[in-house]
Amino acid sequence: MMINIAIIGLGARGGEVYGDYIKQHPELARVVAIADPNPEKRVKYQTLFDLDDSCVFDSGASLLQAKPEVQAVIIASPDQSHHVDALKAIESGYDLLLEKPIATTLEACLEIRDAAVRNHRRVVLCHVLRYAPLYRKIKDILDEKIIGDIVLMHQIEHIGYWHFAHSFVRGNWRNSQTSAPIVLAKTSHDLDIILWYMGVDVDSVSSFGGLYHFHPKHAPSNAPSHCIKGCPIKNTCPYDAEKIYMNNFKAYPLEHNKVWPFTVLDVNPTESSLNKALLGPYGRCVYLCDNDVMDHQLVNIAFKNGSHAHLTLSAFSGSTHRQIKIMGTKGEINADDLTQVITVKTYDGRFDVTPVIYDIRKMSESLKGHGGGDERMMYDFLTGLSSSEKTSISSSIEHTVTSHVLAFKAEESRCHQGTRITMNEEDTR
Ligand SMILES: NC(=O)c1ccc[n+]([C@@H]2O[C@H](COP(=O)([O-])OP(=O)(O)OC[C@H]3O[C@@H](n4cnc5c(N)ncnc54)[C@H](O)[C@@H]3O)[C@@H](O)[C@H]2O)c1
């Protein structure tokens, strides 16, 4: 059966990841309706998918109003619009691939989960790490009990200095009032992985965090609003927009620079269009933006069986990657999704245990897009649509909503100086 899909939001995720994947896999599905308020994006994807004008809409609301003949809708619009569009889509009988976060308030997340259950709809949340070979291999090792019971887990999300400046200082996720707290917007992925691996109920959570660096206190004197308007520290500032965008754009071969993050500045980026964009939001001085999200945050989680986990998120790293350390009663696991290497040491009585090393690059094809998670999630979602086996999909909202509840509780704790917040069973019901 040919699966027909509608896409709401034709940005970096909806267009460049999911749209392009479907275009490259016509045997799995086809896109028959699209929505985006940006006319340039509409033209780009109307042409790519060869659609009539009647299949192209300027918002998720207008697309859903038209009731297109599709089995599933992909919602990849900004965080704030997920709630209304997801509810409408579920109640109209569509299955959903829903970008994370589910929504920007706890009540809205639970409302969408309840609507999915009530209407018997599949809602798959784009927690893509669950599908990535490195994370799956770790899960297999844990399930085989190779390291015994998990006592403690540490995860570090290194957002990357330039990525943080791009998305969380200058970009769409900079302000919790217009998007969501960063512990939800960025690290719902990490909280989901922690919950998936630990596999037991959460007792309580506490969190500290701060916005240490990206505020006016650190602006040089006489800093202009935009880097290219005569910044006195332009040559030495690592966050200089011209270095981040222009230098990297020029450094990439042509076929690799028409993608995120450059397409966020211009749909069809060129040197001259990017130069112009440096006078817009992405060219702003990082110390003079209207950002308020944390640039570092720590989350401690106590589980009901007496084990614990800790998450660190940080803007301050040279690369964008995650590190995982899991300590068990019979062994330990260390992994890094930059090197794609998992090291397992099982305690065997010797003073220094010889590790077993899994090099995921040698074990898997294509690891592009979240370590291969993007493509594998799409395959799983699209093939799952034509199967009655609901279990084929592993990041369904019923499984992943707890990560969001945990994120809201962590944020509540952070806003109350790290107070311990208890998770009740009804929090996830
Ligand atoms: N799963 C992940 O790892 C991951 C990674 C990045 C972003 N995201 C999430 O994906 C979503 C999209 O992020 P992005 O990076 O593609 O952002 P983006 O800004 O590149 O794209 C969003 C698109 O939605 C469009 N849009 C705005 N309002 C709309 C509406 N009412 N109806 C239809 N379209 C609308 C915008 O014009 C834009 O083209 C966000 O919720 C974001 O948090 C998830």
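Reader: What makes E1 and strand E4 (residues 72-75) a pair, and in which sense do they run?

Author: In this predicted model, E1 and E4 are joined over four bridges in the parallel sense. Two strands pair if there are at least two bridges between them, so the four bridges of E1 and E4 satisfy that condition. Within this pairing, Ile5 stands opposite Ala72 in E4.

Reader: How do you know that strand E1 (residues 3-8) also pairs with strand E2 (residues 29-35)?

Author: The same reasoning applies, because at least two bridges are required, and six bridges join E1 to E2, which run parallel. Here Asn4 stands opposite Arg30 in E2. Between these strands the chain passes through helix H1 (residues 12-24), and this β-α-β crossover is right-handed.

Reader: Why is the ligand said to lie between domain 1 (3-121) and domain 2 (130-214 + 291-428)?

Author: Both of these domains give residues to the shell around the ligand, and therefore the ligand lies between them. The ligand is surrounded by 27 residues, and the closest are Gly9, Gly11, Arg13, Ser77 and Glu99. Helix H1 supplies the largest share of this shell, namely three residues, while by class the shell divides into 11 nonpolar, 10 polar and six charged residues.

Reader: How do you know that domain 2 and domain 3 touch, and what classes of residue are on the side of domain 2?

Author: Contact requires C-beta atoms within 7 Å, and seven residues of domain 2 are in contact with eight residues of domain 3. The side of domain 2 that touches domain 3 has three nonpolar, three polar and one charged residues. The centres of these two domains, taken over C-alpha atoms, are separated by 30 Å.

Key. Residues numbered from 1 in each chain as written. Predicted model: local features only at pLDDT ≥ 70, side-chain atom pairs only at ≥ 80, totals over all residues. Helix = DSSP H or I, 4+ residues; strand = E, 2+ residues; numbered from the N terminus. Right-handed = clockwise from strand over helix to strand, strands pointing away. Near = placed C-beta within 6 Å. Nonpolar A, V, L, I, M, F, W, Y, C, P; charged D, E, K, R; others polar. Domains from an automatic or database assignment. Contact = placed C-beta atoms within 7 Å.
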